[in-house]
Amino acid sequence: MHYRKLREQLSACPASPLPLRSECWWKGADGLHLAALRAAFTSEEAEVLELRFARRLSDVDVAHVVGREPSAVRAQIERGVARATALLGTAPPSLDGTVEGALLEAFALDPATTPAPRRVRREPVLPIGSVVAQRYEVRALLGAGAFADVYEARDCEVTGHVVALKILRARSADARSIGAALRELQHIASVFHPSVVQLKDHGWHDEHLWFVMPLYRGETLATRLVRGPLSRVEAREIFEQLAEALASMHRAGVRHQDIKPENVFLATLDRDHGAGEPRTSGPRVLPVLLDLGVAAKDAELVLAGTPAYFAPEVAARFAHVPDPPPVGPKADVFSLALTLLHALHPRPQDQVPAGAVDAFIGHRAIHPPPVPSSAALADLRPCFERWLAVSPDERPTAERLRDELCALTRPAERRARLQSTVRWVVPVGAVVLAVFFAVVTDLRRQAHVSREAAARAGVEAELARARAHSISQSLSESAARRAELEANVARLEEEYQTSRMTREQLASRLARADGELTLLTERERVQSARARQQVDAIATLERAQAEQRRRAEATEAQLAEASEALQRERARVADATRQAEQLGAARDELAASERRRASLEARVRELENFYRGTDLPVLDAPAP
């Protein structure tokens with residue numbers, strides 16, 4: 001295709017400012033529909049639609065590229081749009097929900113529509129083995145970019161000391177170019193933080209600016225993410241340090257402007273071990289922000305970076321949105337938060353060819369990136385919605401972001417606190433409940449014994465009442481017998497008066513009646529005494545029954561009080577549990593603060609020890 005051939009020829013020229021491709025995440029809603037849409041057109045139709053919708057050329061420019069009349073091109077574009085509308089229906093699977101957007105995504109995402117660019121081979125600025133400033137011997141090329149090369153170099157003045165030497169490819173022959181070359185150097189020197197690359201030495205070599213930095217061993221975050229996403233603990237450990245470094249840069253009045261996984265280096269440092277302490281833990285990771293080549297002062301209106309990580313206010317200026325928000329330090333916060341999102345939830349990176357970058361930037365200027373949709377990151381959705389807000393005023397500062405990153409491990413810490421609380425509250429609660437249950441069981445046993453004693457006393461009282469009733473019946477019978485005898489005596493006296501019995505017979509009968517009367521009286525006296533004893537026994541039993549009932553009622557009252565005390569103790573155990581959780585949370589926050597302070601002090605000591613060990617002059621950072 002003519003347009004692609006022209007761009008390939010332009011990209012082969014080192015001075016060409018036109019990049020053939022830019023890496024951006026640009027994903028349609030339905031890749032199958034977009035693939036079907038691409039397959040629905042011939043190569044000639046696809047070329048016209050690509051130039052119009054993906055390359056953003058006008059109808060006249062498309063006609064000029066393909067060598068046809070503008071009217072024919074417009075007609076072909078209208079037919080293509082009509083065919084796409086019939087194929088996709090009323091709800092096209094595109095980010096903006098339009099047929100034009102679907103055509104853009106279909107052809108921008110098609111890797112077959114654009115051939116891979118032909119890379120231009122550049123010769124390194126320094127040959128291996130050369131010596132810079134009569135001190136640094138170049139040993140190996142670590143990386144080559146469009147603006148500078150980075151080498152591994154040996155410090156000839158310090159035995160065993162290896163550094164990273166960066167040298168700019170462009171020569172600086174006048175004052176303006178020299179100032180531009182010193183730009184990155186000034187930004188590096190103005191910030192002091194372990195997670196910001198540090199300046200050790202600098203100078204000029206054949207009109208090329210070079211400067212020396214520590215040589216870190218490790219890998220970039222982008223390389224690390226190839227193996228899989230970061231865990232929440234790893235992400236918090238890395239990005240808290242990056243947020244602190246970013247806050248230090250912002251306090252110095254410097255914006256990084258190009259934060260992305262490729263510019264975050266995960267340096268591995270040996271952990272400190274005490275004497276005799278086994279080396280059970282692996283190396284500690286120190287994240288370092290690299291490449292301050294496009295950094296800018298707050299007062300400078302310099303816009304640069306990677307489109308995929310543009311903040312909306314930066315994208316708005318590139319897209320020429322009217323009245324865009326001012327670009328400030330919170331643009332770096334957006335890029336860092338987006339880098340964190342991709343570290344926790346990596347997605348395939350679709351490379352958008354050429355002109356589609358404009359559409360991507362225009363979309364980014366008014367739409368935030370999608371927040372995590374997986375259930376594993378659902379609790380972080382409110383955080384990312386604020387960190388990736390379109391308005392800079394809704395985003396936190398870098399320092400505030402560092403504090404808010406505790407949300408990454410808050411669920412795990414909450415589970416750990418709960419487990420710790422359960423580990424000591426459950427045994428204590430079990431002991432307390434066991435004691436109360438023992439007391440309640442003993443009180444219930446005593447109440448049962450008292451009820452049984454009262455029941456026995458009631459049975460004995462019933463038996464005593466039965467015996468008293470029997471004695472009462474005996475007394476009634478004795479009274480009847482006495483009345484009968486008295487009637488006999490009266491009858492005998494009457495017979496004595498009416499008959500002529502002899503005195504002896506009458507005396508004998510009277511004596512016999514008196515004897516029976518005396519015997520009956522004695523028997524009645526004995527029975528009365530027995531009745532009184534039975535009545536006393538009944539009264540004693542009734543008093544004992546009343547006492548047993550009183551004791552049973554007292555025991556029941558004690559049981560009720562013990563139950564109320566058990567409820568109050570359960571409430572106190574619940575309060576103690578809540579207080580323990582609050583105390584645990586406070587201790588965790590204090591411990592986290594101490595760890596951050598200790599970590600920062602340790603890193604500062606490492607750098608101080610490093611500078612003392614190398615006997616190099618320490619550059620004083622200018623006051624912010």
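At what angle do helix α4 and helix α5 pack, and how far apart are their axes? In this predicted model, α4 (residues 59-66) meets α5 (residues 70-88) at about 110°, and the axes lie 8 Å apart. Angles of 65 to 115 degrees count as roughly perpendicular, and the α4/α5 pair is therefore put in that class. On the α4 side the contact comes from Asp59, Val62, Ala63 and Val66, and on the α5 side from Pro70, Val73, Arg74 and Ile77.

Helix α5 has another partner to look at, namely α3 (residues 43-54). Here the packing angle is about 95°, with 10 Å between the axes, so α3 and α5 are roughly perpendicular to each other as well. From α3, the residues making this contact are Glu44, Glu45, Val48, Leu49, Arg52 and Phe53. They meet Val73, Gln76, Ile77, Gly80, Val81 and Arg83 of α5. Val73 and Ile77 of α5 thus turn up in the contact with α4 and in the contact with α3.

Now for the chain as a whole. Its secondary structure adds up to 16 helices and 13 strands, and 40% of its 624 residues count as buried. Among contacts with a separation of 6 or more, 71% link residues that sit 24 or more positions apart.

What about the nonpolar interior? The largest nonpolar core takes in 66 residues, and Phe239, Leu340 and Phe384 have the most contacts inside it. Helix α11 (residues 330-344) supplies the largest share of this core, ten residues. Another core, set apart from this one, has 25 residues, including Leu88, Ala102, Ala106 and Ala359. Back in α11, 14 of the 15 residues are buried. The length of α11 checks out too: at 1.5 Å a residue its 15 residues should span 21 Å, and the C-alpha atoms at its ends are indeed 21 Å apart. Setting aside neighbours within four places in sequence, Leu340 touches Ala235, Phe239, Phe384, Trp387, Leu405 and Leu408. Two of those partners, Phe239 and Phe384, are named with Leu340 as having the most contacts inside the core.

On to the cysteines. A search of the whole structure turns up zero disulfides. For Cys383, the nearest cysteine sulfur belongs to Cys406 and is 8.4 Å away; a disulfide would need the sulfur atoms within 2.5 Å, so this pair does not qualify. Cys383 counts as buried, at 12% relative accessibility, while Cys156 is partly exposed, with a relative accessible area of 38%.

A few loop residues round out the picture. Most residues other than glycine have a negative phi. Gln134, though not a glycine, has a positive phi of about 55°. Gln134 sits in the loop between β2 and β3 (136-144) and is exposed, at 76% relative accessibility. His320 is also not a glycine, and its phi is positive at about 60°. This residue lies in the loop between α10 (312-318) and α11, where it is exposed with a relative accessible area of 71%.

Ile128 belongs to the loop between α6 (99-108) and β2 (131-132). With a relative accessible area of 54%, Ile128 counts as exposed. Leaving out neighbours within four places in sequence, Ile128 is still in contact with Val138, Arg139, Ala140 and Leu141. The C-alpha atoms of Ile128 and Ala153 are 9.4 Å apart, with their positions 25 residues apart along the chain.

Methods
Residues are numbered from 1 along each chain as its sequence is written. This is a predicted model: local features need pLDDT of at least 70, side-chain atom pairs count only at pLDDT 80 or more; totals for chains, interfaces and linings use all residues. Side-chain values use heavy atoms; hydrogens and water are left out. Buried means under 20% relative accessible area, exposed over 50%, partly exposed in between (1.4 Å probe, protein chains only). A nonpolar core is a set of buried Ala, Val, Leu, Ile, Met, Phe, Trp, Tyr and Cys residues joined through side-chain atoms within 4.5 Å. Helices (H or I, at least four residues) and strands (E, at least two) are DSSP runs, numbered from the N terminus. Contact means heavy atoms within 4.5 Å. The expected span of a helix is 1.5 Å times one less than its number of residues. Axes are lines fitted to C-alpha atoms, for helices over the stretch in contact, and angles run from 0 to 180 degrees between N-to-C directions. Angles under 35 degrees count as roughly parallel, over 145 as roughly antiparallel, 65 to 115 as roughly perpendicular and the rest as oblique.
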